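Reader: Hey, I've got a structure open and I'm a bit lost. Could you walk me through it?
Author: Sure, let's put it up and go bit by bit.

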Amino acid sequence: MRFSLDDEQGLVVQTIKRFSDRDLRGWAADADRAGAPPDKLTAMGGELGFFIDAVPAEHDGMLEGAYAHATRALRGFELGRGCAGLAALLETNVEPALAVGRWGSPAAKQALFGSLASGGLATFIFDSRAALDVVPEGDGVRVTGSLGPAPALGAASHVVLATRDLLLLVDASALTREAITPSGWRAAKWGTARVDARVAADFVIARDADAVRMVLAWSHVSLAARAAGVATASMEYAAQYATERVQFGQAIGTFESLIRLRDDAQTGAHAARLVALHAAWALDAGLPDAFDFASRARVLANDVVARATIDAVQIFGGYGFVNDYPVEKLMRDARPFEALHGDERFNRVLASKE
Amino acid sequence: MDLFHDSPMFNGVRQMLGAFAKQSIRPIATKHDLEESMPWDLMKMAQGFGLTQTAVLDGRKKLTGQDEDPDPKKPKSQSRISVVGSEELAYGCAGICLALGGSGLAASPVSRMGTTEQKEEFRKLLAGLDEKGHIKVAAMALSEPSTGSDISGLSTSARKDGDHWIIRGSKQWITNGQSAAVFVVWAQTEPAAGRAGVRGFIVARGTPGLIPGKKETKLGIRASETAQVHFEDVRVHTDMMLGAGSQGGLSDTKKMLDSTRPVVAAQAVGIARAAYDYLLDRVRGGTTRGTPLASHQHIMFELAEMNMEITASRLLAHRAAWLADHHQENVAEASMAKAHAARTAQHVTTRAMVLLGEEALQPGHPVEKWYRDAKIYDIFEGTGQIQRRIIAKHLTGTNPV
Ligand SMILES: Cc1cc2nc3c(=O)[nH]c(=O)nc-3n(C[C@H](O)[C@H](O)[C@H](O)COP(=O)(O)OP(=O)(O)OC[C@H]3O[C@@H](n4cnc5c(N)ncnc54)[C@H](O)[C@@H]3O)c2cc1C
């Protein structure tokens, strides 16, 4: 067993960590206030290979050979340390591109990859409560109901929608959308939508519960890695602050109760990162347990990010509650991790009963 | 011990403020949260039925229809009324609850330590409307940029100059700090005396050198204003210093917190109950993948847990208030109530968010707001750690570090 990174992974981590520390952290507060990413995000993200990293090379993307989920998890962790909202935009195209690349018809590939290659965004949405109406229509299906809130849905050209055992590629022109700004990941171009669309057979990209599970697993791993990054960042800020702030004649970071808060959060973040990386490795290796590992990674990382960000605000005291300091944003940013794709613990409970 | 269940007076307060919270507070809560604005119209209206900014000084007759027994040895009802009422108001919106009651933080030391003249002055400064037509509010300025938990380390100073004190220093996170018509500010009058030298002063808005500072943008309770306040050589007449001799120092301030902590605890209970009720309402009649939500242990055991926690927190708050009303020491009990309720509010709102899933991410979703609001209860009026420190000291006499 080896835990060390290969050369390419090492380079990715180094590059993204620098991008995250310098650029994402630098932009985070303004993007949060504005509820929008900085204009530079597209150009800089593009230079670093985001947005089309999962689009096959023959469709003007950067993917040659198999997609590396372990590398994506490593990078997701660093992005989470930077800004969860901007990270969501940088990662949003991956699931749609991989799904369409793997199962999509030529028409679906042309539609999605054409858009992504020219700067478009796509988003993956999972109908966790099976609340959408889906009925056969012609050789395709008609899907009706509401979507979101989901990141990038406010701006995406396409949605890859997972409902029951179907994966559908839906063109945004079939949606009645509303752009919204929730209080977490505010820069992530969120949206909600009504859908009432006929999806032609060419755009039904899979009719297979395993395909749905696989796309979810990709998403789980990436979300878990990013959540571990947010948890880590919250304690980087809190640990630093705790060395500077003095009460009762000593740095607050030397009070045992605060040492423990910080230490538990760091332990959790460390574990969450490793479990996400392990699930990613299992996905890359094609292990049958990979889907389960990915889901478990989500459950763990969700707990960890919730606790760590609340405790970071606690360590900052009154300063933690105001937006001059970075941690109240992190507490808001923890929420979408737990909400997206539904309550993952409940999903697991329901799946165990099936 | 009277758990207040069978008292017509406490039930009357509960019903009246409960209805007010549902009908008048809840409908405007999202707006004031998003706009970060004080609910001035509502505050004016609330004065009409006894939620006045000087209620702490004037008693609760208007609210309860009853006079307190003037005999100082007889049990009071003030703490219990505040506890019962605050839970209801915070059930509507914790930020608006603080907007309605924030002046009480300043009125409370005036009520405890003030002379008749000082009380009169305080009332006078809060009478009528200001130039914007708003009712007048008060602020209690104790915390400083580098002094929150450890209030003995205050650096704001008061220097005697004839029959005046000259106050200099900056205050941080002051509720009503920008709008207040009157401030009770704490300053060190005698650095050599340490804690014993700290005194409160009543200072009117507009006094030269009193400069309201930046208003904070906050995670939660955004309908309540929080701001810095600067005192740049503010001259205050000696008549406006609270307490005299050994009276009025920081230890009295701490006692003041013992009486307000149960009330703050009750507010945290109010938020937790709001989130719990919201969830319960969604569960009733709701289904997931064809099965009723109420048939899932996954959901219902969490609701059962929430109910237990909320009930326990409320009982702790009631006990602490009962002790205060019966003139019994409640230091540890008040801290237990506050720490427990703060934890309950955070836990219930966090879990409610998770159980609701994507829905709760909608901007303006009430549970998302309560999640943000709940955090303050572990921070102000003594952080969760400070409450545990108080309880721990009570156990062995030692302050653990
Ligand atoms: C919205 C809001 C409204 C407020 N309103 C008012 C107001 O009206 N008037 C006013 O005077 N103040 C007000 N405050 C200030 C509030 O009371 C302080 O923020 C609070 O007391 C905590 O102090 P601090 O922020 O300096 O945190 P610190 O004291 O710096 O604490 C930072 C961290 O260290 C921990 N810590 C400190 N000491 C110890 C210890 N001995 N052992 C273990 N851990 C410790 C704390 O628990 C916390 O986790 C308000 C604050 C907020 C956020």
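**The ligand and its surroundings**

Author: Start with the ligand, which lies between chains A and B. Keep in mind that this is a predicted model.

Reader: Ok, how many residues surround the ligand, and which are the closest?
Author: There are 32 residues around the ligand. The closest are A:Arg245 and A:Gln314 from one chain, plus B:Ser149, B:Thr383 and B:Gln385 from the other.

Reader: What does B:Ser149 do with its side chain there?
Author: An N or O atom in the side chain of B:Ser149 sits 2.5 Å from an oxygen atom of the ligand. For B:Gln385, a side-chain N or O atom is 2.6 Å from a ligand oxygen. On the chain A side, a polar backbone atom of A:Gly318 is 2.7 Å from an oxygen atom of the ligand.

Reader: And how much of the ligand does the protein cover?
Author: On its own the ligand has 970 Å² of accessible area, and the protein covers 96% of that.

Reader: Which elements give two or more residues to that shell?
Author: From chain A, helix H8 (256-284) and helix H9 (290-316). From chain B, strand S1 (138-141), strand S3 (164-175) and helix H13 (384-396).

Reader: What's the mix of residue classes in the shell?
Author: The shell has 16 nonpolar, 12 polar and four charged residues.

Reader: New topic: helices! At what angle do H5 and H10 of chain B cross?
Author: Helix H5 (residues 78-92) and helix H10 (residues 297-325) of chain B cross at roughly 155°, and their axes come within 7 Å. Angles over 145 degrees count as roughly antiparallel, so that is what H5(B) and H10(B) are to each other.

Reader: Which residues make the contact?
Author: On H5(B), they include B:Arg80, B:Val83 and B:Glu87. On H10(B), B:His318, B:Trp322 and B:Asp325 are among them. By class, the contact residues divide into six nonpolar, three polar and four charged.

Reader: Anything odd in the backbone of chain A?
Author: Two spots to look at. A cis peptide bond joins A:Gly148 and A:Pro149, with omega about 0°. A:Pro149 lies in strand S3 (residues 140-150) of chain A.

Reader: What's the other one?
Author: A:Ala152, whose phi is near 70°, a positive value in a residue other than glycine. A:Ala152 lies in the loop between S3 and strand S4 (158-163) of chain A.

Reader: Why point those out?
Author: Because most residues other than glycine have a negative phi, and most peptide bonds are trans.

Definitions and conventions
Residues numbered from 1 in each chain as written. Chains lettered and ligands numbered in written order. Predicted model: local features only at pLDDT ≥ 70, side-chain atom pairs only at ≥ 80, totals over all residues. Heavy atoms only, no water. Near = heavy atom within 4 Å. Polar contact = N/O pair within 3.5 Å; in protein donor to acceptor, adjacent residues only side chain to side chain. Areas by Shrake-Rupley, 256 points an atom, 1.4 Å probe, with all protein chains shown as cover. Helix = DSSP H or I, 4+ residues; strand = E, 2+ residues; numbered from the N terminus. Nonpolar A, V, L, I, M, F, W, Y, C, P; charged D, E, K, R; others polar. Axes fitted to C-alpha atoms, helices over the stretch in contact; angles between N-to-C directions. Parallel < 35°, antiparallel > 145°, perpendicular 65-115°, else oblique. Contact = heavy atoms within 4.5 Å.
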